[in-house]
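Welcome, and please get your viewer ready. We will go from stop to stop, selecting a few residues at a time.

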Amino acid sequence: MACFLTSYTTYVNNYELALSTIGYLEKNVPAFKQFKKDAEKDKRCQNHTLEDLLITVIQRIPRYVLLLQDLLKHTHVSHEDYGQLEAAVKSLKSVADYVNREKKIYENRQTAISLHQDFSLELPDGRYFIYEEDAWDQVVPKSKAERDALKIKYRIILMNDCIL
């Protein structure tokens, strides 16, 4: 199961990158655009685009959870399979929660990397992004000419070990 979770979370974490890469290639590489178009016409694709097929993997675990929950709902408590269905629902929910947590960790780490690049800062090991907010400071103008500069914008970024 651990190998599956590692592979699955890697897939989930890189899904957005895959979509943007496909978009880039379609715009900039005519041969890729034609190949994709031809491949999607293949009857084995059943009229699905590459993007359709990529998202089905992401949707698989949540669909299984819903399917098993529905099956459990329609299974009588005294049925011999009820306990196993209940355990399967619990197990798949924990897998979905794990994948969601790992995705959030990955996204926070990517955000931290991006922010440190924006500020040209070194990224210490273990630092991750938590929250970002724009804040405004009211400036009291000393003259009518300063009224255009009534507010100063600040970007507050909360990391796990500092505020930027």
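In which helix is L50 found? Select L50 and you will see that L50 is found in helix α3. Helices here are DSSP runs of H or I with at least four residues, strands are runs of E with at least two, and both are numbered from the N terminus.

Before moving on, a word about what is on screen. This is a predicted model, in which local features need pLDDT of at least 70 and side-chain atom pairs count only at pLDDT 80 or more, while totals for chains, interfaces and linings use all residues. Residues are numbered from 1 along each chain as its sequence is written, and side-chain values use heavy atoms, with hydrogens and water left out.

**Stop 1: the whole chain**

Colour by secondary structure. The chain has 4 helices and 2 strands, and their order along the sequence is α-α-α-α-β-β. Of the 164 residues in the chain, 21% are buried; buried means under 20% relative accessible area, exposed means over 50%, and partly exposed is in between, with a 1.4 Å probe and protein chains only. Switch on the surface: the chain exposes about 12,400 Å², and carbon and sulfur atoms supply 57% of it. Those areas come from the Shrake-Rupley method with a 1.4 Å probe, and for residues only the protein chains shown count as cover. As for contacts (heavy atoms within 4.5 Å), among those between residues at least 6 apart in sequence, 49% join residues at least 24 apart.

**Stop 2: around L50**

Return to L50 and show its side chain. L50 counts as partly exposed, at 30% relative accessibility. Leaving out residues up to four places away in sequence, L50 touches I22, K36 and E40. Add L19 to the selection: its C-alpha atom is 9.3 Å from that of L50, with their positions 31 residues apart along the chain.

Next, pick E40, which sits in helix α2. E40 is buried, with a relative accessible area of 18%. Its C-alpha lies 7.0 Å from the C-alpha of L50, and the two residues are 10 apart in sequence. Beyond neighbours within four places in sequence, E40 is in contact with C45, H48, T49, L50 and E51.

Now select K36, in helix α2 (residues 30-41). Is K36 buried or exposed? K36 counts as buried, at 7% relative accessibility. Apart from neighbours within four places in sequence, its contacts are I22, E26, L50 and E51. Draw a distance from K36 to T49 as well: their C-alpha atoms are separated by 8.4 Å, and the residues are 13 apart along the chain.

**Stop 3: two positive phi values**

Move to the loop between α2 and α3, where you will find Q46. Q46 is not a glycine, yet its phi is positive, at about 50°. Most residues other than glycine have a negative phi. Q46 counts as exposed, at 58% relative accessibility. Then select N47, which lies in the loop between α2 and α3. Phi of N47 is near 65°, again a positive value in a residue other than glycine. At 76% relative accessibility, N47 counts as exposed.

**Stop 4: α3 against α4**

Select residues 50-73 for α3 and residues 82-118 for α4. How do the two helices run relative to each other? Their axes come within 9 Å and cross at roughly 155°; the axes are lines fitted to C-alpha atoms over the stretch in contact, and angles run from 0 to 180 degrees between N-to-C directions. The two helices are therefore roughly antiparallel to each other, the word used for angles over 145 degrees. The residues to show as sticks are I61, Y64, V65, L68, Q69, L71 and L72 of α3, with Y82, L85, E86, A88, V89, L92, K93, V95 and A96 of α4.

**Stop 5: N13 and R127**

Finally, go to N13 in helix α1 (residues 2-28). N13 is buried, with a relative accessible area of 14%, and it touches E102, K103 and Y106, not counting residues up to four places away in sequence.

The last selection is R127, in the loop between α4 and β1 (129-138). R127 is buried too, with a relative accessible area of 12%. Setting aside neighbours within four places in sequence, R127 is in contact with R109, A112, H116, M159, N160, D161 and C162.

Definitions and conventions: Angles under 35 degrees count as roughly parallel, over 145 as roughly antiparallel, 65 to 115 as roughly perpendicular and the rest as oblique.
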